[in-house]
There are 4 protein chains.
Amino acid sequence: MTLHRKLRMGMVGGGKDAFIGGVHRIAAFMDGEIDLVCGAFSSSPEKSKASGEALYLKPERCYGTYQEMILAEAKLPVGERMDFVAIVTPNNMHYGPAKMALEHGFAVVCDKPVAFTLVEAEELAQIVDAKGAVFALTHNYTGYPMVKQARTMVKAGAIGKVRKVVVEYPQGWLATPLEGTGQKQADWRTDPARAGKSCCMGDIGTHAENLAEYITGLEIDTLCADLSTFVEGRPLDDDGNVLLRFRGGAKGILFASQVAAGEENNLRIRIWGETGGLEWHQQEPNTLLVKHLDRPTEIYRTGGGYLSPIAQFNTRTPAGHPEGYLEGFANIYRNFALALRHKLATGSLSEEHANFPSVHDGVRGMKFIDAVVESSAQNGAWIKV
Amino acid sequence: MTLHRKLRMGMVGGGKDAFIGGVHRIAAFMDGEIDLVCGAFSSSPEKSKASGEALYLKPERCYGTYQEMILAEAKLPVGERMDFVAIVTPNNMHYGPAKMALEHGFAVVCDKPVAFTLVEAEELAQIVDAKGAVFALTHNYTGYPMVKQARTMVKAGAIGKVRKVVVEYPQGWLATPLEGTGQKQADWRTDPARAGKSCCMGDIGTHAENLAEYITGLEIDTLCADLSTFVEGRPLDDDGNVLLRFRGGAKGILFASQVAAGEENNLRIRIWGETGGLEWHQQEPNTLLVKHLDRPTEIYRTGGGYLSPIAQFNTRTPAGHPEGYLEGFANIYRNFALALRHKLATGSLSEEHANFPSVHDGVRGMKFIDAVVESSAQNGAWIKV
Amino acid sequence: MTLHRKLRMGMVGGGKDAFIGGVHRIAAFMDGEIDLVCGAFSSSPEKSKASGEALYLKPERCYGTYQEMILAEAKLPVGERMDFVAIVTPNNMHYGPAKMALEHGFAVVCDKPVAFTLVEAEELAQIVDAKGAVFALTHNYTGYPMVKQARTMVKAGAIGKVRKVVVEYPQGWLATPLEGTGQKQADWRTDPARAGKSCCMGDIGTHAENLAEYITGLEIDTLCADLSTFVEGRPLDDDGNVLLRFRGGAKGILFASQVAAGEENNLRIRIWGETGGLEWHQQEPNTLLVKHLDRPTEIYRTGGGYLSPIAQFNTRTPAGHPEGYLEGFANIYRNFALALRHKLATGSLSEEHANFPSVHDGVRGMKFIDAVVESSAQNGAWIKV
Amino acid sequence: MTLHRKLRMGMVGGGKDAFIGGVHRIAAFMDGEIDLVCGAFSSSPEKSKASGEALYLKPERCYGTYQEMILAEAKLPVGERMDFVAIVTPNNMHYGPAKMALEHGFAVVCDKPVAFTLVEAEELAQIVDAKGAVFALTHNYTGYPMVKQARTMVKAGAIGKVRKVVVEYPQGWLATPLEGTGQKQADWRTDPARAGKSCCMGDIGTHAENLAEYITGLEIDTLCADLSTFVEGRPLDDDGNVLLRFRGGAKGILFASQVAAGEENNLRIRIWGETGGLEWHQQEPNTLLVKHLDRPTEIYRTGGGYLSPIAQFNTRTPAGHPEGYLEGFANIYRNFALALRHKLATGSLSEEHANFPSVHDGVRGMKFIDAVVESSAQNGAWIKV
């Protein structure tokens, strides 16, 4: 039993000059399952209106604040009001709209990290659980079909017990003091008041952490971190190297950097187990290398008939039609839509449909940020995550 | 001056089991500029209804035939009726709906090849020109930003006068007699009654031809072809090797295959000029190799700040977020939408907005098919395109 | 039964400024099986002496001409005189020393193409056969272990009956009129009096031809060629595109270029059969891609325990220690040395040891050159090889 | 002033079943500058004789022990006796022959690590310095031309001040308890009595350390290590993750593994500075990626005319002829030979010719091993190298 109509999305943030708001919209629109019906796109009501109009929204549904939006939409008739809120604001502005939306009965898609502090994250998780709400966190890299394939294979024992994980996310865009130039993305990410206690680790280190735990199914137990700030005057880390120990004995390395000059989004993970290994690169996401002890490495490819059902389900085209970042991101929206339809039709959550990152992944991310910052402050002491 | 509302699309073909229909819809939806409002999705009215319903269409706008759709939509008020028709049927079903749509004043997006025969193609071109209609042909590979970058660079003389072009499109999906198994895609493509006089060259050889002419800005003058049918009993070619001579003196090779076992969509082009070379692979479309006489090869990447304005305009995300087949395809829809808005607002065509393959590209494609088939029939005689 | 001592090499050509002479010496020395004992390194006796001295030869064994060398060495006692001659001169200087060496009972290693004309080549072949001589032609690319692996796999049916071969060899070093600058390599290769009737096809097209026939075990039956000279004033071809038809029904493409700006030695071959495909690139020679109809592509690697005995035998180090051009070249010398030891010990030839290109491969190469030149002269007529 | 004759090498170790001995011989022979004249190839005099005979040595110069060899050779006339000793034994057998050879006036090429303990290494360094001896350590990866290019570029400021180094060396050959199977290479490397206090870090971690310090010109100041033994019962580490802090402020990561199932010798280094980055992979050693802040990444290639003189000097063939592990290794021998010729001719050392790893690099390596083992024993405390 499901609900047969397009779902209605309201958006918080994502006005002009924003980056991730546009990504969320493409991801939501791509599969023809979701319409944007309203938004509070900016802290300035005028900008919000202008952004909404550019998106072909009705003027009366372009709100000045998220509070206004949630209250107004909650009063609309069931057949008209938004079904969920997508939150695409800086980190310090996740908790407020998420909490309020949940409390008014709306489902939520929230950008990562889920909140500004661990306390906020845990409170959100409690509300989501208490309400049985549908809540998706856009750790988008787990939306790639080959990442899902990797997870399936590790679970099925394809590489034996995991021994070692190396996950890395070098970027170069903050190699110079870009935040001094009026670039908005750089601005808020390097500002402790908006980004939180970490820049590099909060922004991309958490992606790496989430990817490693997702594919291996293992939790990081303790870690030892050495964070750096290479660009003078920057108040937060722009680089970090971390040793990992997973529950169950696997070891690992995680590093992230925003000052790796010349790098784009070179997220990459390698996992070695007792009988084989896996390797995946975000910049060529349709390839998964599968390594063996005594046989040639195999090149698994998106669309291959030999892939797991979950990988195939999260692919839109046959092999050879490269899918990318936006399709991976859209998989979160598409799977969230399936879960929300089920919830709206039946009133209950479904394990089967919950194939997207949850608020609990968000809590893990906040614990990871806290741990790396604390370990680094203690000169690399091993800290429990 | 432009038109500020979502554009309304009607679709011909693209029901269940179709491949390219779904691609067109994703491409049309992605940017939030186009709504699907009606369709004649199948030759069976029941199937058409079912397909339309699955796409959340109103039942009264799911038509049994394209004729019915065009007539009915033409009668709807201006603020409601479709703006353009997307044609995603097998080759033998392009001409009919395209012609009728044009004659009723609708713009058209048509899958390639543009028609079943050159005569049909030329008639469509005449109508388009006569009416000043907005018509896009989905030779989608030219939608990739790095292909546009390559074209810009050749035009700007970055590699000097072009000397040699090698373009290739190996696939392996028809290495076995798949058409005997009920696979619909294989079925119609190997059937002369629906595909036309060529299978491999018509389906993918034309993409290679279009890509080569698009990037170099050169027209193939004459060619010498050796087509093959490797799978027994198949009535059309499933492989072909072609020597090219371009107007102006460049030479080239084009090959396409559907029996290259183990290949996906390995479309690749290499161009060498007097002072440098370019290389692009569809399966890793965000990279363009730029070669020089005496300096290191450079890796141009989608999203790079050094790219041409047209490449940047056709990109949705910053460098490092891989864009793929669907985004390249969507660029045709997005640019078509810009042109159509301009036309609807001003009544006239705009050079500036016509950044997508035209009906004249479609005529070139049909001439190419005719030429390769004739050359091969004459044991490789040089034939004028 | 074999001969237990180092073999003694005399060299014709390979003085200062030469390229391939130094390669032959490294290839001969690498395995500690061969000593250089004498040479006629240059047409100038002074240069020959100087070159020999630089190579630590005794002055009395640095000869002024090859005739002098062969006559003098033939008179030396068996325990002292050279065992074989390595000929590393321009094409027009292969026949003379080869014939004379053979007639005086010396084995021969000869650079390719084997001779200046087909007539010369056939005469050499006749002498070699009549004498049961050990003669190696340095079509070095077949010395790579992964090329031998590919041949073994095709023979064993790993990809089914071969359908299509694409072999290519683009270089860029002659993209400008380098022969006008005093560069010796460019000088003689573009000179019909020294290179023969073809520059590009003779120099590197023959490598491509040899590689294709070696791996597939198929002979090119007929071909259709379009040769070009892109650099003005050059008397020979510097580029060529060729369609191939193999005996047994396979089709193919061969192209070679010396004006592909920015290319090094991008020799590459792809072969597709009924059930799979193979792909090998000279510039990353330790990888062989093995493609399948319904399974992931496999990455075969030099040194892998799963490789054929012949591939393993032609490898010096374990997997992960990249071997290159010089090792591939050295395999010809090493295998030639095995054959020559056998011959010297037993007086007879051994099939088992003859794992290197022969004079008959050289005859094939000359026929190939004749055919492409003739086909191109006849505007692409199909010509028998 | 130099010495014009082939140099004479004696070898310690490297008999049948050995791996690295054969590599040293190829490296020594390749350039025709060095002859093998004697050896003590095995601890068994019979095996030593047999090995020497297989290498075409005179029986009287196949010695039973290195002591015997050094004493006997020292008594031979100057024009006959060996010039240097190559030591290719397990780690515990480096110090003895190295010390004795030096004390008898012979130059030395020694495999790495230079000794069994730091104390031994420091004593050797003292002797080398006191005697002004020519001593090369075969940290062969710095012999690759593109590694030399990288060092030159860093020194010249091509990437600005170095910020971050990531160096890694995953292998998979010890993923299973291979040492229980009679495999000699696995046997001694996992045996503390022969390998020393570390297996993985001593064998390949030191290569990574040496490579990082060589290219950056920076010394590791302190490190924090987490070593593991994944294969049960193995008495030494088979994997290790290390955080690095360089003098001057750069940070880094070094990891090595012998249990990374499916890996060959995947040594890789990435370095990022203030204005760019460098990336080199041992398995495709002819490519060096050069990254920039705002321009496309460049692909530097062995043989390119734009490379530094030192890179060009250490290359044997033009671009496009892949050079590999053996050529890189041979560069150490070739450069050692230049230095030794100079020493033999002039009696003094020459800075200019000392382009190979020294005994002091060996001391660094031993300090590195001590530091990682100690840090790991202290649960990742930061330890001074």
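Select A:Trp382 in this predicted model. Setting aside residues up to four places away in sequence, A:Trp382 touches A:Thr222, A:Cys224, D:Asn379 and D:Gly380. Add those residues to the selection. Two of the names, D:Asn379 and D:Gly380, carry the letter of chain D.

Stay on A:Trp382. Is this residue buried, exposed or partly exposed? A:Trp382 counts as partly exposed because 17 other C-beta atoms lie within 10 Å, while a buried residue needs 20 or more and an exposed one has 12 or fewer.

Now show the secondary structure of chain A. A:Trp382 sits in a loop. Helix H12 (359–377) lies on one side of that loop in the chain, and strand E14 (383–384) on the other.

Next, pick A:Ala107 as well. How far apart are A:Trp382 and A:Ala107? In sequence, 275 residues separate them. In space, the C-alpha to C-alpha distance is 38 Å.

Colour chain A by domain. Domain 1 takes in 7–141 + 327–357. Domain 2 takes in 142–317 + 365–384. Over C-alpha atoms, the centres of these two domains of chain A are 25 Å apart.

Zoom in where the two domains meet. Here 22 residues of domain 1 of chain A are in contact with 26 residues of domain 2 of chain A. Select helix H5 (118–131) and helix H11 (325–346) of chain A. Each supplies at least two residues of the side of domain 1 that touches domain 2. Which element gives the most to that side? H11(A) does, with five residues.

Last, colour that side of domain 1 of chain A by residue class. Look for twelve nonpolar, seven polar and three charged residues.

Technical notes. Residues are numbered from 1 along each chain as its sequence is written. Chains are lettered from A and ligands numbered from 1 in the order in which they are written. This is a predicted model: local features need pLDDT of at least 70, side-chain atom pairs count only at pLDDT 80 or more; totals for chains, interfaces and linings use all residues. Helices (H or I, at least four residues) and strands (E, at least two) are DSSP runs, numbered from the N terminus. Two residues are in contact if their C-beta atoms, placed from the backbone, lie within 7 Å. Domain bounds come from an automatic or database domain assignment. Ala, Val, Leu, Ile, Met, Phe, Trp, Tyr, Cys and Pro count as nonpolar, Asp, Glu, Lys and Arg as charged, and the others, Gly among them, as polar.
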